[in-house]
Amino acid sequence: MITLNKDSKTIYLANHFSRNLAFRNTVRNLFHLINESDLDEVILNFQDVEIISRSFAHEILVSLRETEKKVLIENLPPNVQRMFDLVKSHKSYSS
Amino acid sequence: MNTFAQVLNELTDNIYEHSDFSHAYIAAQSYPNLIYTEVTIIDNGISIPSSYEVNNISIEDDIDGLSKALNGLSTKSSERGFGLSTTLRVLREALNSECLIISRGAELVAYKDHMKMRSLPQNEIFNGTLISARIPYNLKKVNYYDYAE
């Protein structure tokens with residue numbers, strides 16, 4: 001259960017979901033929660049995430065592109081960063 | 001382990017994203033004498049060819065539908081479509097695996113250096129999708145990012 005309020009605006013993905021982030025639907029549900037919240041700013045913390053699928057990373061980037069909220073990314077492990085870089089560097093990706 | 005996890009991630013996400021399934025299974029069996037583990041992911045969803053049809057993407061036949069998926073044509077967006085194509089490349093080239101894909105009336109058998117496709121006869125058509133890989137023991141460590149795009 002994720003609670004978002006002014007005292008709790010950081011979402012620790014490994015704790016709330018898994019150290020292995022796989023599914024696009026998880027991202028869609030997450031951003032639905034963020035977009036429906038009263039907060040203007042939310043932090044997604046990737047501490048302890050070990051694996052992120054290409055699909056999960058792409059859905060995060062799409063959701064960041066579409067949300068009107070300020071969503072900050074923190075503590076990206078190197079291999080997670082590499083997946084985001086891989087998706088963003090592909091010719092099909094629209095920034 | 002991470003590379004194998006990436007394979008399972010993409011294939012299971014594909015089921016949730018595209019197949020409109022009611023039942024799906026992952027099964028694995030190790031064969032010590034044959035020196036491989038066979039992993040199979042199977043769902044009773046609408047199949048890959050039907051996924052194109054319900055999204056109004058024209059296919060000539062089921063082989064064409066499976067080929068489009070292997071070539072990265074997504075039913076959702078031009079930014080998508082990497083799941084099956086990348087996964088098959090990783091399985092064949094990184095994990096030295098033999099692969100079998102059956103989706104409705106199309107069958108693909110893939111080895112490291114070549115692939116064979118055929119149309120299934122009417123009595124073998126499978127209403128769903130099956131993806132199976134024989135992954136050899138004693139793999140050297142591989143970097144997923146060397147094969148992903």
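Which side chain meets that of B:Arg118 in a salt bridge at 3.4 Å, N to O? Hold that thought until the close-up of B:Arg118 below. Everything here comes from a predicted model.

**Figure 1. The three-stranded sheet of chain A runs in the order β1-β3-β5.** This is an open sheet, and its strands pair in the parallel sense. β1 (10–12) and β5 (70–74) of chain A stand at the edges with a single partner strand each, so one side of each has no neighbour in the sheet. From one strand to its neighbour the turn is 20° on average, direction ignored. Take a look at β3 (residues 41–45) of chain A beside β5(A): the two are joined in parallel over five bridges. One of the residue pairs to look for is A:Asn45 with its bridge partner A:Glu74, which sits in β5(A).

**Figure 2. Helix α2 of chain A packs on that sheet.** The helix covers residues 24–36 and touches β1, β3 and β5 of chain A. Its direction makes about 155° with that of β3(A). Keep this helix in mind, since one of its residues, A:Arg28, comes back where the chains meet.

**Figure 3. Chain B has an open sheet of six strands, in the order β1-β2-β6-β3-β4-β5.** Here the pairing is antiparallel. The edges belong to β1 (24–31) and β5 (115–119) of chain B, each of which pairs on one side only. On average the twist is 10° from one strand to the next. At one end of the sheet, β1(B) lines up with β2 (residues 36–43) of chain B in the antiparallel sense, over eight bridges. If you want a pair to find by eye, try B:Ala27, whose bridge partner in β2(B) is B:Thr40. Helix α1 (residues 2–19) of chain B packs on the sheet too, touching β1, β2 and β6 (126–136) of chain B. The direction of α1(B) makes about 15° with that of β2(B).

**Figure 4. Helix α4 of chain B lies across four strands: β3 (98–104), β4 (106–110), β5 and β6 of chain B.** It runs at about 150° to β3(B). The helix spans residues 83–94, twelve in total, and reaches 15 Å from its first C-alpha to its last, close to the 16 Å expected. Is α4(B) mostly covered or mostly open? Mostly covered, with ten of its twelve residues buried. Among the buried ones are B:Leu84, B:Leu88, B:Val90 and B:Leu91, along with B:Gly83 at the start and B:Ala94 at the end. After the helix comes B:Asn96, whose phi is positive, near 50°.

**Figure 5. B:Arg118 takes part in salt bridges with B:Glu107 and with B:Glu124.** So here is the reply to the opening question: B:Glu124 is the one whose side chain meets that of B:Arg118 at 3.4 Å, N to O. With B:Glu107, the closest N and O atoms are 2.8 Å apart. That second pair links distant parts of the chain, with B:Arg118 in strand β5 and B:Glu107 in strand β4 of chain B, eleven residues apart. How covered are the three? B:Arg118 is partly exposed at 37% relative accessible area, and B:Glu124 is partly exposed at 41%. B:Glu107, at 13% relative accessibility, counts as buried.

**Figure 6. Chains A and B meet over about 1800 Å² of buried area.** Of that area, 48% is on carbon and sulfur atoms. Chain B brings 19 residues to the contact and chain A brings 25. How many salt bridges are there between chain B and chain A? Two, while the whole structure has 13 over all chains.

**Figure 7. Two salt bridges to pick out where the chains meet are B:Glu17 with A:Arg28 and A:Arg24 with B:Asp13.** Side chains of opposite charge can pair when their charged atoms come close. For B:Glu17 and A:Arg28 the N to O distance is 2.4 Å. B:Glu17 lies in helix α1 of chain B and A:Arg28 in helix α2 of chain A, so this pair joins two chains. B:Glu17 is buried, with a relative accessible area of 10%, whereas A:Arg28 is partly exposed at 31%. A:Arg24 and B:Asp13 meet at 4.0 Å, N to O. These four residues belong, together with A:Glu59, to a network of salt bridges.

How values were computed. Residues are numbered from 1 along each chain as its sequence is written. Chains are lettered from A and ligands numbered from 1 in the order in which they are written. This is a predicted model: local features need pLDDT of at least 70, side-chain atom pairs count only at pLDDT 80 or more; totals for chains, interfaces and linings use all residues. Side-chain values use heavy atoms; hydrogens and water are left out. The expected span of a helix is 1.5 Å times one less than its number of residues. Buried means under 20% relative accessible area, exposed over 50%, partly exposed in between (1.4 Å probe, protein chains only). Two strands pair if DSSP finds at least two bridges between them. Axes are lines fitted to C-alpha atoms, for helices over the stretch in contact, and angles run from 0 to 180 degrees between N-to-C directions. Contact means heavy atoms within 4.5 Å. Buried area is the accessible area (1.4 Å probe) that two parts lose on being put together, summed over both.
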